[in-house]
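This report addresses a protein–DNA assembly and the sheet found in one of its chains. Please view the sequence and the structure together while reading.

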Number of protein chains: 2
Amino acid sequence: MNARVLVVEDEADLIELLRYNLEAEGFAVDTAEDAEEAGVRIAEGRPDIILLDWMLPGTSGIEICRRLRAREETATVPIIMLTARGEEEERVRGLATGADDYVVKPFSLPELLARINALLRRSNPHLVATVLKAGDIEIDRTTHRVRRAGRELHLGPTEYRLLEYLMGHPGRVYSREQLLDGVWGTDVYVDDRTVDVHIGRLRKAINPGRSSDPIRTVRGAGYSFDEKFK
Amino acid sequence: MNARVLVVEDEADLIELLRYNLEAEGFAVDTAEDAEEAGVRIAEGRPDIILLDWMLPGTSGIEICRRLRAREETATVPIIMLTARGEEEERVRGLATGADDYVVKPFSLPELLARINALLRRSNPHLVATVLKAGDIEIDRTTHRVRRAGRELHLGPTEYRLLEYLMGHPGRVYSREQLLDGVWGTDVYVDDRTVDVHIGRLRKAINPGRSSDPIRTVRGAGYSFDEKFK
DNA sequence: GCTTCTATGACAATCGAATGACACTTGTGT
DNA sequence: ACACAAGTGTCATTCGATTGTCATAGAAGC
């Protein structure tokens with residue numbers, strides 16, 4: 001069963017972009033351009049998550065958010081605020097109002113998708129794939145457990161996120177910079193080479209004995225989780 | 001066998017919300033918009049629990065409640081009153097009338113579900129999972145007793161709820177924030193780290209001697225009750 | 001062989017969790 | 001009303017786990 005996403009946004013371009021990409025990810029997408037329409041869409045069926053533009057003509061996103069939280073039917077629906085740069089200071093206010101997360105425009109699709117999935121995993125785990133598998137490696141995001149050939153492995157937080165990130169798109173090569181952004185976050189300043197060290201630690205952790213290494217080093221480019229890994 | 005819930009409520013939105021969520025929880029849901037219809041539904045088959053709106057057009061919820069209590073077929077059916085904010089003062093009158101519990105709108109679904117389950121557990125224990133077991137730990141939600149290897153343990157209220165919550169989904173990792181929401185309630189503002197303290201107290205209470213610890217700390221993520229705990 | 005890029009062990013700094021102490025509330029029995 | 005016991009939320013401290021860098025060794029490319 002696909003998760004239903006309601007996008008409340010007044011920019012037609014952005015709506016189309018989101019609809020296209022979210023549907024490609026398997027979400028059922030509803031859209032609304034203002035508070036009124038949003039109300040109608042919600043009445044038609046409770047969405048599983050709401051993307052809400054901060055600034056909207058008429059009733060502002062923050063006000064909509066407040067109202068959604070006040071109504072019992074929608075009090076627990078996860079909400080992600082879409083805020084424009086420069087409104088970041090409002091962040092605290094936004095979260096205080098009841099939004100569960102926020103992204104700053106212009107945002108990257110992968111980032112938005114990651115946040116949507118993270119929230120859904122928390123509120124409706126059954127809507128999201130919680131287990132990633134490849135070969136004899138298995139990672140369960142609900143229980144935070146990683147197994148290889150059935151045997152449980154212990155990974156530090158960073159190694160865990162790194163593996164999760166790499167396994168998200170097996171075969172795809174990520175540059176060190178991409179890994180830093182995706183795993184460490186865009187706001188931290190860490191040396192590129194640190195990635196090497198953590199890849200090394202991850203390898204040591206997931207390759208006990210002399211099991212084959214699923215992580216491929218691409219000289220001059222970065223790393224990838226081998227899609228053909230068995 | 002699923003428990004039958006009768007919802008007596010005149011707001012169509014709320015009815016839909018309740019039907020949707022209660023059915024998702026495995027209840028068989030009947031609805032009625034007024035006293036007359038409620039009578040028909042009850043005649044069709046005795047519900048295991050009734051959710052009753054306080055204010056209804058025509059015969060008020062409180063009056064319906066009184067009548068249900070007067071008839072012997074329905075005298076013992078648990079009733080939860082749905083009251084709007086501001087009617088709280090009426091609480092005592094409501095309970096005196098015979099309702100077993102009440103929730104104030106807007107209520108959170110988890111809270112309502114918890115109360116429904118609590119009442120059913122009292123009236124029809126066989127309809128509800130009453131005992132949670134894992135390894136040699138056993139918690140009886142009817143009596144609020146906790147045993148380890150047959151020996152009874154003493155837990156404070158918060159520790160009890162914490163354990164109950166964690167054991168509800170063994171293996172699942174809950175963040176401190178989730179635990180605060182689920183165990184303390186969404187409206188309390190308590191420091192994240194307080195969870196640590198209570199986890200510590202819970203551990204001390206359920207691990208007498210040097211018995212193994214079923215609670216797993218997931219660094220950077222939260223805690224979980226070990227699903228593989230033996 | 002020389003250059004460039006990656007792997008790895010060592011290490012100090014930092015972080016997160018566990019724990020004991022303590023002040024405050026709440027509830028109960030007298 | 002009062003005293004007492006139980007239960008709670010914060011804090012400061014402690015301690016092991018984790019992290020980011022660096023220096024050095026090892027591979028790969030040309």
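Which residue of β7(A) does L132(A) stand opposite? The partner of L132(A) is I139(A). The model discussed here is predicted.

## The sheet of chain A

L132(A) and I139(A) face each other across two strands, and β6(A) is joined to β7 (residues 137-140) of chain A by 4 bridges, with the two strands running antiparallel. These strands belong to an open sheet of 4 strands in chain A, ordered β6-β7-β8-β9 and paired in antiparallel fashion. At its edges lie β6 (131-134) and β9 (151-153) of chain A, each of which pairs on one side only. From one strand to the next, the twist averages 25°.

Strands of a sheet pair through backbone hydrogen bonds, in a parallel or an antiparallel manner.

## Surroundings of DNA strand C

DNA strand C is surrounded by 23 residues, and the closest are R193(A), R219(A), Y223(A), T217(B) and Y223(B). Of the strand C atoms that come within 4 Å of the protein, 71% are accounted for by sugar and phosphate. By class, the residues of this surface comprise 14 charged, 5 nonpolar and 4 polar.

Three elements each supply at least two residues of the surface near DNA strand C: α8 (193-206) of chain A, and α8 (194-206) and β10 (215-218) of chain B. The greatest contribution, 6 residues, comes from α8(A).

Individual contacts involve both backbone and base of the DNA. An N or O atom in the side chain of R203(A) is 2.9 Å from a phosphate oxygen of strand C, and a polar backbone atom of G220(B) is 3.0 Å from a phosphate oxygen of that strand. The side chain of R219(A), by contrast, places an N or O atom 2.7 Å from a base oxygen.

## Surroundings of DNA strand D

Around DNA strand D there are 26 residues, the closest being T158(A), T194(A), H198(A), R201(A) and R201(B). Sugar or phosphate makes up 65% of the strand D atoms within 4 Å of the protein, while the rest belong to bases. The surface residues divide into 9 nonpolar, 9 polar and 8 charged. Both chains take part through helices: α6 (157-168) and α8 of chain A, and α6 (157-168) and α8 of chain B, each supply at least two residues.

Which atoms of strand D lie 2.9 Å from W184(A) and D191(B)? For W184(A), a polar side-chain atom lies at that distance from a phosphate oxygen; for D191(B), a polar backbone atom does so. A base nitrogen of strand D is 2.8 Å from a polar side-chain atom of R219(B).

Key. Residues are numbered from 1 along each chain as its sequence is written. Chains are lettered from A and ligands numbered from 1 in the order in which they are written. This is a predicted model: local features need pLDDT of at least 70, side-chain atom pairs count only at pLDDT 80 or more; totals for chains, interfaces and linings use all residues. Side-chain values use heavy atoms; hydrogens and water are left out. A residue is near a molecule or strand if one of its heavy atoms lies within 4 Å of it. A polar contact is a pair of N or O atoms within 3.5 Å; within protein, one must be able to donate a hydrogen and the other to accept it, and residues adjacent in sequence count only if both atoms are side-chain atoms. Ala, Val, Leu, Ile, Met, Phe, Trp, Tyr, Cys and Pro count as nonpolar, Asp, Glu, Lys and Arg as charged, and the others, Gly among them, as polar. Two strands pair if DSSP finds at least two bridges between them. Axes are lines fitted to C-alpha atoms, for helices over the stretch in contact, and angles run from 0 to 180 degrees between N-to-C directions.
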